[in-house]
Every structure is written in C-alpha cells, then in structure tokens.
Amino acid sequence: MSGEPGQVSVVPPPGEVEAGSGVHIVVEYCKPCGFEATYLELASAVKEEYPGIEIESRLGGTGAFEIEINGQLVFSKLENGGFPYEKDLMEAIRRASNGEPLEKITNSRPPCVIL
C-alpha cells in the first residue's frame, strides 16, 4: 500500500478524464499576512472537487491573494479587498476545464469579521 495514511487516490475509469485535468492554478499570497491558512483551505476544497487539477502556491507581496488559472489572473485581493467565494472559484475552474473563456471574479468576502 502506498501513499500517506488517510489519503485516498481516486483513479478515473479508463477512457474518462479526471475532473480538472489540464487546468493549472497558481495562488500568490502574503504569508506574513496570515493568508497561508486561506490558501490551504482553498487548495483542499479545489482538489476535493477537481482531483486532476494542478495547484501551486507562490509567496506574494503585502496583502496579496492573487489567483491565476492557466496563466490568466481571475482574482485579485489587491483589487477587490477580500477573498474569493469558493463557489465563484469553482465556477471559473469548471469553465477552464470545459475550455470556456474565463471572466475575472469581482465578488469577494471580507478578509475578517469584526464582532
């Protein structure tokens, strides 16, 4: 048995393409800002929905949380002031995996909640 304990490898049946294959995502984020946890949460959700996707991280400048899909910037925290909604990112990935044109995500959730 290979792999890490608790990890499950799902292989698509012969002739089927794994969801998200051919899509490459780069997330550039500010580690000193504490955005690594947001990246890890997002990456986990993306890999669960689209196991064949390639997702990588890069350290970015202050306040950055930028997302590129196949080389196209689809979300910028520097422009929007918050983080992307998961459903919006999943829709962009779906479009990319179907070869549809990508649109920039303009909706964002606040970076924190003050009670």
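Lys 31 is partly exposed, because its relative accessibility is 45% and this class covers the range between buried (under 20% relative accessible area) and exposed (over 50%), with a 1.4 Å probe and protein chains only. Its side chain forms a salt bridge with Glu 36, in which the closest N and O atoms are 3.9 Å apart; the term requires a side-chain nitrogen of Lys or Arg within 4 Å of a carboxyl oxygen of Asp or Glu. Glu 36 also counts as partly exposed, at 29% relative accessibility.

The model is predicted, so local features need pLDDT of at least 70 and side-chain atom pairs count only at pLDDT 80 or more, whereas totals for chains, interfaces and linings use all residues. Residues are numbered from 1 along each chain as its sequence is written, and side-chain values use heavy atoms, with hydrogens and water left out.

**Salt bridges**

By the rule given above, the count comes to eight salt bridges, and three of them, including the one already described, are set out here with their N to O distances.

| Pair | N to O distance |
|---|---|
| Lys 31 and Glu 36 | 3.9 Å |
| Arg 94 and Glu 91 | 2.7 Å |
| Glu 100 and Arg 95 | 3.6 Å |

Arg 94 and Glu 91 both belong to helix 3, where they are three residues apart, about one turn of the helix; helices (H or I, at least four residues) and strands (E, at least two) are DSSP runs, numbered from the N terminus. Both partners are partly exposed, Arg 94 with a relative accessible area of 28% and Glu 91 with one of 35%. In the pair of Glu 100 and Arg 95, Glu 100 is partly exposed at 29% relative accessibility, while Arg 95 is buried, with a relative accessible area of 19%. Salt bridges link Glu 91, Arg 94, Arg 95, Glu 100 and Glu 103 in a network.

**Aromatic pairs**

Rings of Phe, Tyr and Trp (its six-membered ring) pair if their centres lie within 6.5 Å, and the planes count as stacked when under 30 degrees apart, edge-to-face when over 60 and tilted for the rest. By this rule there are four aromatic pairs. Among them, Phe 35 and Phe 65 have ring centres 6.5 Å apart and planes at 80°, so this pair is edge-to-face. The pair links distant parts of the chain, with Phe 35 in the loop between strand 1 (24-29) and helix 1 and Phe 65 in strand 3 (residues 65-69), 30 residues apart. Both of these residues, Phe 35 and Phe 65, are buried.

Phe 35 also forms an edge-to-face pair with Phe 83, at 5.0 Å centre to centre and with 90° between the planes. Because Phe 83 lies in the loop between helix 2 (77-80) and helix 3, and Phe 35 in the loop between strand 1 and helix 1, this pair ties together parts that are 48 residues apart in sequence. The relative accessibility of Phe 35 is 10%, and Phe 83 is buried with a relative accessible area of 2%. Ring pairs thus link Phe 35, Phe 65 and Phe 83 into a cluster.

**Surface charge**

On the surface, Glu 41, Glu 48, Glu 49 and Glu 86 gather in a patch of negative charge; such patches are made of residues with over 30% relative accessible area and no salt bridge, like charges being joined within 9 Å and nonpolar side chains (Val, Leu, Ile, Met, Phe, Trp, Tyr) within 5 Å. Helix 1 (residues 36-49) supplies the largest share of this patch, three residues. Glu 86 lies in helix 3 (residues 86-97) and counts as partly exposed, at 43% relative accessibility.

Definitions and conventions
Accessible areas come from the Shrake-Rupley method with a 1.4 Å probe; for residues, only the protein chains shown count as cover. Lys and Arg count as positive and Asp and Glu as negative; His and the chain ends are not counted. The place of a charge is taken as NZ of Lys, CZ of Arg, CG of Asp or CD of Glu.
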